[in-house]
Every structure is written in structure tokens, then in C-alpha cells.
Amino acid sequence: MVSYLELWFRAFLVTVGAEALVAVPLLGKVERGYPRRVAALLLVNVASHPAVWFVFPELGQGRWSWGVTFLLSEAWAVLLEMGGYQLIFPRLGWLKAFSISALANGFSVAAGLALRWLGFTL
């Protein structure tokens, strides 16, 4: 039996991998250093992802539907990551930081749903 912590870690790896495909190239417009862009991606995901998996489901339990919990947790991830990108790369600007975060998170959600549809346990 797979523990919830292991499921989270699998989802975290999928999230980081999917978001890296989107965010790392887009961040190249303000940061030439590849390692710094990857480090920023890891940092913002370490800050946002645990709450998506461990906090929001508990907050919503018995109060919110799965859909509301999902939307609130994804909004949290997009906004927190946007703020992180803006703090790390001040020249990025808020709109670009939001756009990168939203695109990267949207892609990671799609990747996770596609993997589940294909039968992978996440």
C-alpha cells in the first residue's frame, strides 16, 4: 500500500518536472543562469505544493466540494509562486510572474490528470 506521503512525493516530482518545462525557459528572459531558474522553480514549489496536498484538503473537508478545494489550492499555488518569482527576479514584473506561474501550474495540473487517466497512481 502506498502511503499518502509517497503519493505526495510522486505528485511533487511530476509537478516540478512539468512546471520546469514551462517556467524555466520563460524565466530565461530575465535570468540567463539556468541553475538559478531551476533553483527558483524548486523553491516556489517547496513553498506551495505541501499546502496543496496537506492543508487545503483538511480545510475543505466537510465544508467544500472537491472542486472548490481544488480551485482554492491551485489559486494558492499560482499566487504564492507568482510572488516568489517576483521576489527572486524583480525585473520580471507582476504580470509576467503571474503569467509564468499560471501557465506552469496549468501545465502541471494537465500532466497530473493525464498521468492519472493513463493509469498512473498519483
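A salt bridge is a side-chain nitrogen of Lys or Arg within 4 Å of a carboxyl oxygen of Asp or Glu. Keep that handy for the exercises below, and keep in mind that the model is predicted.

**Exercise 1. Work out whether the side chains of R10 and E6 meet in a salt bridge, and how the two residues sit along helix α1.**

Step 1: Look at the kinds of atoms. You need a nitrogen from Lys or Arg and a carboxyl oxygen from Asp or Glu, and the R10 and E6 pair is taken N to O.

Step 2: Check the distance. For R10 and E6 it is 3.1 Å, and the cut-off is 4 Å. So the pair counts as a salt bridge.

Step 3: Place the partners. R10 and E6 are 4 residues apart in helix α1, so about one helical turn separates them.

Step 4: Ask how open they are. R10 has a relative accessible area of 29%, so it is partly exposed. E6 comes out at 37% and is partly exposed too.

A bit of background: side chains of opposite charge can pair when their charged atoms come close.

**Exercise 2. Find how many salt bridges the rule gives, and describe the one between R36 and E31.**

Step 1: Take the count, which comes to 2 salt bridges.

Step 2: Look at R36 and E31, whose side chains meet at 2.7 Å, N to O.

Step 3: Sort the partners by accessibility. R36, with 41%, is partly exposed. E31 has 15% relative accessibility, so it counts as buried, given that buried means under 20%.

**Exercise 3. Test whether the lengths of α3 and α4 fit what you'd expect of a helix.**

Step 1: Start with α4, residues 94-117, which holds 24 residues. The expected span is 1.5 Å times one less than the number of residues, so α4 should span 34 Å.

Step 2: Compare that with the model. The end C-alpha atoms of α4 are 34 Å apart, which agrees.

Step 3: Do it again for α3. Its 23 residues should span 33 Å, and its end C-alpha atoms are 33 Å apart, which agrees.

Step 4: Peek past the end of α4. Just after this helix, G119 takes a positive phi of about 105°.

**Exercise 4. Identify what packs against the buried residues of α3 and α4.**

Step 1: List the buried residues of α4: A97, I100, S101, A104, N105, S108 and G112.

Step 2: Find their cover, which includes α1 (4-27) and α3 (66-88).

Step 3: Turn to α3. Its buried residues include T69, S73, A77, V78 and Y85, and the buried residues of α3 pack against α1, α2 and α4.

**Exercise 5. Describe the surroundings of Q86 and W94.**

Step 1: Put them on the map. Q86 lies in helix α3, while W94 is found in helix α4.

Step 2: Which of the two labels, buried or exposed, fits Q86? At 11% relative accessibility, Q86 counts as buried. W94, at 52%, counts as exposed.

Step 3: Leave aside neighbours within four places in sequence and list contacts. Q86 touches L92, G93, W94 and A97. W94 touches M82, G83 and Q86.

Step 4: Zoom in on one polar pair. A polar atom of the Q86 side chain lies 3.1 Å from the backbone nitrogen of G93.

Step 5: Try some C-alpha distances. W94 and G83 are 11 residues apart along the chain, and their C-alpha atoms are separated by 7.9 Å. Q86 and L113 are 27 residues apart, with their C-alpha atoms separated by 28 Å.

**Exercise 6. Trace the nonpolar surface patch back to its helices.**

Step 1: Name the members. Y4, L5, F54, V55, L59, W64, V68 and L72 make a patch of about 680 Å².

Step 2: Find the suppliers. α1, α2 (34-60) and α3 each give at least two residues, and the largest share, 3 residues, comes from α2.

Step 3: Check one member. F54 sits in helix α2, and its 32% relative accessibility makes it partly exposed. A patch residue needs over 30%, so F54 clears that bar.

Methods: Residues are numbered from 1 along each chain as its sequence is written. This is a predicted model: local features need pLDDT of at least 70, side-chain atom pairs count only at pLDDT 80 or more; totals for chains, interfaces and linings use all residues. Side-chain values use heavy atoms; hydrogens and water are left out. Buried means under 20% relative accessible area, exposed over 50%, partly exposed in between (1.4 Å probe, protein chains only). Contact means heavy atoms within 4.5 Å. Patches are made of residues with over 30% relative accessible area and no salt bridge: like charges are joined within 9 Å, nonpolar side chains (Val, Leu, Ile, Met, Phe, Trp, Tyr) within 5 Å. Accessible areas come from the Shrake-Rupley method with a 1.4 Å probe; for residues, only the protein chains shown count as cover. A polar contact is a pair of N or O atoms within 3.5 Å; within protein, one must be able to donate a hydrogen and the other to accept it, and residues adjacent in sequence count only if both atoms are side-chain atoms.
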